[in-house]
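Me: Could you take a close look at one part of this model for me? I'd like the strand in the middle of things and whatever surrounds it, in one connected walk-through.

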Amino acid sequence: MELGLGTVQFGLAYGVAGRTAPVPQTEVRDILACAAERGVRVLDTAPAYGDIEAQLSALAHLHAFQVVSKIQPCPAGLAGPALQDWARDQVERSLHRIGSGTLRTLLFHRSDDLLAPQGPALWGACARVADQHGIALGVSCYAPDTLQALQARWPIAVAQLPGNALDRRFTQLVASTPRPTEIHLRSVFLQGLLLMDEAHACARLPAAAAALRRWHAWCRARGTAPLEAALGSVKATRAASVCLVGADSLAQFQAILDAWDRAAPLHAADLQESDLRVIDPRTWTQAAP
C-alpha cells in the first residue's frame with residue numbers, strides 16, 4: 001500500500017478537526033513539493049473541492065503526480081443526447097484543467113448516478129472519452145456493497161471507499177473478483193476525529209463517545225500514538241493499494257509522512273463499528289445534540 005494525498009483541504013474548509021479556511025496556496029505549494037520529494041505519487045481532487053482542481057496544474061506543474069479526479073453528480077432530468085453531451089463535457093473539462101498524461105483516473109463522485117436508469121448511457125459516454133486519453137474510470141462509494149453492485153455492471157478500474165480503524169467495511173472486499181478493482185481508502189482519520197484529544201472528540205460527537213474511548217484505550221494499550229495507530233490499522237489490509245490522507249499544513253503533512261514510515265501493520269478487527277452515526281460523517285449533523 002502507498003500513501004496518496006487528498007486535496008479537499010486545499011479548496012475548502014473541511015473536517016470536524018480542520019482549519020476554518022482552505023490551506024493558503026503558498027503552503028499548498030510547499031506540501032506538494034514535500035509530497036513529491038518523499039515519493040508520494042497519487043493526488044486526489046474533484047471539481048467539488050472549491051477551485052483546487054482548476055488550480056492544481058499550476059500548483060503542481062513541476063512534479064510528476066498521477067491525479068485522480070471526479071465526475072460531478074449528474075443533474076436531474078438529463079437524458080438522451082443532452083446527457084451524453086454533459087458527460088463528455090465533464091471528462092473534457094477535467095482533462096483541460098489537469099492535463100492529458102497527468103489525469104490518470106476519473107471517478108463518478110455520486111455512485112447512485114450509475115445505479116439510476118441513466119447509468120448505462122452515463123458510463124458509456126464518459127468511457128468513450130476516457131478511453132481515448134488512457135484515463136481509468138471508476139467510482140467513489142460510501143460502502144462496499146454499492147461497489148459490488150457496480151462491479152457486476154461495469155469494469156470499475158478504481159474505487160474510492162472510506163476505511164479506518166472504526167470503519168472496517170472495506171475488509172469485506174475480495175481481491176479475486178472477475179473484474180479486479182484498485183481500491184483507494186479515504187477518511188482514514190475519520191475527518192480528524194481519531195486524532196483529536198479524547199475528551200474533545202467525545203464532546204464533539206457524543207454519538208461516537210463509546211467507540212472513541214475504546215479507540216484511545218486501544219492505542220494506549222499498544223503504546224502507539226493515534227496518528228501512527230490510525231495509519232497502521234489500514235496498512236494491515238491487502239484489500240487496498242492507496243491510503244489517502246489530507247493535511248491542513250506542511251508540518252502536519254510531514255508528521256503524517258513520518259508516522260507512515262514508522263507505522264507497523266496493526267490488526268484492528270476488535271474496534272469495528274457498524275453504527276453509521278459513528279462511521280458515516282453524513283449522519284453527524286443528525287447525531288449531534
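Reply: One term up front: a polar contact here is a pair of N or O atoms within 3.5 Å, where, within protein, one must be able to donate a hydrogen and the other to accept it. Also keep in mind that this is a predicted model.

Let's start with the overall frame. Eight strands form a closed barrel in the order 1-2-3-4-5-6-7-8, with parallel pairing. On average, neighbouring strands of this sheet are turned by 30° against each other, direction ignored. Helix 6 (residues 119-132) packs on the sheet, where it touches strand 3 (66-71), strand 4 (103-108) and strand 5 (136-140). The direction of helix 6 makes about 140° with that of strand 5.

Now zoom in on strand 7, residues 182-186. Four of its five residues are buried, so strand 7 is largely enclosed by the rest of the structure. On one side, strand 7 pairs with strand 6 (residues 158-162) in the parallel sense, over five bridges. Within that pairing, Leu161 stands opposite Leu185, and Pro162 has Arg186 as its bridge partner in strand 7. Strand 7 is also joined to strand 8 (residues 242-245) by two bridges, and these two run parallel as well. Leu185 turns up again here, with Cys243 as its bridge partner in strand 8. So Leu185 is a handy residue to click on: it faces Leu161 and it is bridged to Cys243 in strand 8.

Next, follow the chain through the loop between strand 6 and strand 7, which is where Asp167 sits. Asp167 is buried, since its relative accessible area is 0% and the cut-off for buried is under 20%. Its side chain makes a polar contact of 2.8 Å with the side chain of Arg169. Leaving out residues up to four places away in sequence, Asp167 touches Pro162 and Ile279. That brings us back to Pro162, the bridge partner of Arg186 in strand 7.

One last stop is a helix pair. Helix 9 (residues 209-222) and helix 10 (residues 226-235) pack with their axes 10 Å apart, at an angle of about 95°. The two helices are therefore roughly perpendicular to each other. From helix 9, the contact brings in Trp215, His216, Trp218 and Cys219, which meet Pro226, Ala229 and Ala230 of helix 10. Sorted by type, the residues of this contact are six nonpolar, one polar and no charged.

Definitions and conventions. Residues numbered from 1 in each chain as written. Predicted model: local features only at pLDDT ≥ 70, side-chain atom pairs only at ≥ 80, totals over all residues. Heavy atoms only, no water. Axes fitted to C-alpha atoms, helices over the stretch in contact; angles between N-to-C directions. Parallel < 35°, antiparallel > 145°, perpendicular 65-115°, else oblique. Contact = heavy atoms within 4.5 Å. Nonpolar A, V, L, I, M, F, W, Y, C, P; charged D, E, K, R; others polar. Buried < 20%, exposed > 50% of the residue type's maximum accessible area, 1.4 Å probe, protein only. Pairing = 2+ DSSP bridges.
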